[in-house]
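Trainee: Got a minute to walk me through this one? I'm new to it.
Mentor: Sure, pull it up and ask away.

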Amino acid sequence: MKKISKIRLSPLQIAALGFIPVIFIGTLLLLLPFSTRSPEGISFLDALFTATSAVCVTGLAAADTASCFTPFGQGVILLMIQIGGMGVVTVSVFFAILSGRKIGLMQRSTMREAIAAHQVGGIISLTHFIIAVVFSVEILGAIALAPVFCNELGFVRGMCYSVFHSVSAFCNAGFDLMGIKEPYSSLTYFQSNSSVNIIIMALIIVGGIGFLTWEDIKTNGLRFKKYRLQTKIILTVSFLLIAFPTVYFYFVEFGGYPIKERLLLSLFAAVSPRTAGFNTADLNAMSEPSLLVTIGLMLIGGSPGSTAGGMKTTTAAVIVLSAFAVFRRKESPSLFGRRISDEAVKNSSAILFMYLALFLTGGVIISLLEGLPLLTCLFETASAIGTVGLTLGITRDLCVISKLILILLMFLGRVGGLTVIFAALSGYKKYPSKYPLEKITVG
């Protein structure tokens, strides 16, 4: 008899498919009678939507987390957020290390793909560093939030809320439990609370910058010149994407508020679309230009190897630098005295095309199905594929097909479009032959 050959998955395929079993198990747990407050529970589609949103650290909600789910259900959502934020592969490797198992080359290669590391060497020590950063920052965040929540809700419940919001903010998930004040209100209750605003924004930024960036900062301290080019780009672009939108929102959108509240609202509106999904302002009251700015921030997202989604800051930087290189008739883009590879330019262009195509196509289809304004639907699809979680309030009322579109976009946004395509085409051979070159005119 012929032996049945084992199915061998490539590191990219493992990284891409690893989220699916977690989403499936989370869906089943949310369907349990004691996961929801209502005796009728929730539908399979809403459970799947919630599980996908949690594992993909998005924050779009088909049901309000506080009013719909019991403490058990909220605990399941929190666990899925933690696994999704750290990454399924990272969690698996961590438990393998704890159990004393030897980590083979395949596991190391998978880990490298999952966190976008540059090499396999040192990947285990990097895993230890990631775990230390995750739990240290989340614990500090919970301690910092505790005085506010304990004062509002009592010690035990306040501590639980502090942990939940700290993990959700660091993992850039955007899930909240403030539905106890008003369903789907996010953090609008705390829009003038400096402590909550600053702590949540700090957690979002720390989680969204990326573990490789923090590892570089740990190694080289504050010596900016010694950082890797990727770290320099991430820090520079992240600063610019917070500073300029903050100025815009301050002068254009929140002019009617007192200075302190105006500054907090502007900063939060600039930071949160970087895939966090909390909001302190009423999004439906924002002007169309401001919604378009927010959509742009959602699509760019965070940085590689972080808890954030989106196209990534480095992708946006490479696209812009490539354009300026063409304008100046330079052979290749460069920054900080370093040349950017042609492969990075090609990948960035492909990622930009994919995100725009998925974002626009999804928005148009949902608009046609639901009869809603196109901008509203584009806001929703940008939020889904950027794994952000901001919404104009249409999520819970969408039809089955629209919700399935958002589920797919959330999954692709968390895993990464290129990762999915490269994983699907892993078995295809590369052929060294090339077609004859012929020039065409563009532009």
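Trainee: Where is Phe72 placed?
Mentor: Phe72 lies in helix α5, which covers residues 71–86. Keep in mind that this is a predicted model.

Trainee: Is Phe72 buried or exposed?
Mentor: Partly exposed, because its relative accessible area is 37%, between the cut-offs of 20% and 50%.

Trainee: Which residues form the nonpolar patch on the surface?
Mentor: Phe72 is one of them. The others are Phe24, Ile25, Leu28, Leu29, Leu31, Phe34 and Phe44. Together they have about 750 Å² of accessible area.

Trainee: Which helix gives the largest share of the patch?
Mentor: Helix α2, residues 19–30. Four residues of the patch come from there.

Trainee: New topic. Where is Leu378 found?
Mentor: In helix α17, which runs over residues 374–385.

Trainee: And is Leu378 buried or exposed?
Mentor: Buried, because its relative accessible area is 12%, under the 20% cut-off.

Trainee: What does Leu378 touch, leaving out residues up to four places away in sequence?
Mentor: Leu378 touches Ile295, Phe359, Leu360 and Gly363.

Trainee: How far apart are Leu378 and Ile366?
Mentor: Twelve residues in sequence. In space, 8.6 Å from C-alpha to C-alpha.

Trainee: Last thing: what is the mean pLDDT of the chain?
Mentor: The mean is 88, and 86% of the residues reach 70 or more.

Trainee: Where does pLDDT stay under 50?
Mentor: Over residues 1–5. The model has zero contacts beyond four places in sequence for that stretch.

Technical notes: Residues numbered from 1 in each chain as written. Predicted model: local features only at pLDDT ≥ 70, side-chain atom pairs only at ≥ 80, totals over all residues. Heavy atoms only, no water. Patch = residues over 30% accessible without salt bridge, like charges linked within 9 Å, V, L, I, M, F, W, Y side chains within 5 Å. Areas by Shrake-Rupley, 256 points an atom, 1.4 Å probe, with all protein chains shown as cover. Salt bridge = Lys/Arg side-chain N within 4 Å of Asp/Glu carboxyl O. Helix = DSSP H or I, 4+ residues; strand = E, 2+ residues; numbered from the N terminus. Buried < 20%, exposed > 50% of the residue type's maximum accessible area, 1.4 Å probe, protein only. Contact = heavy atoms within 4.5 Å. pLDDT = per-residue confidence, 0-100.
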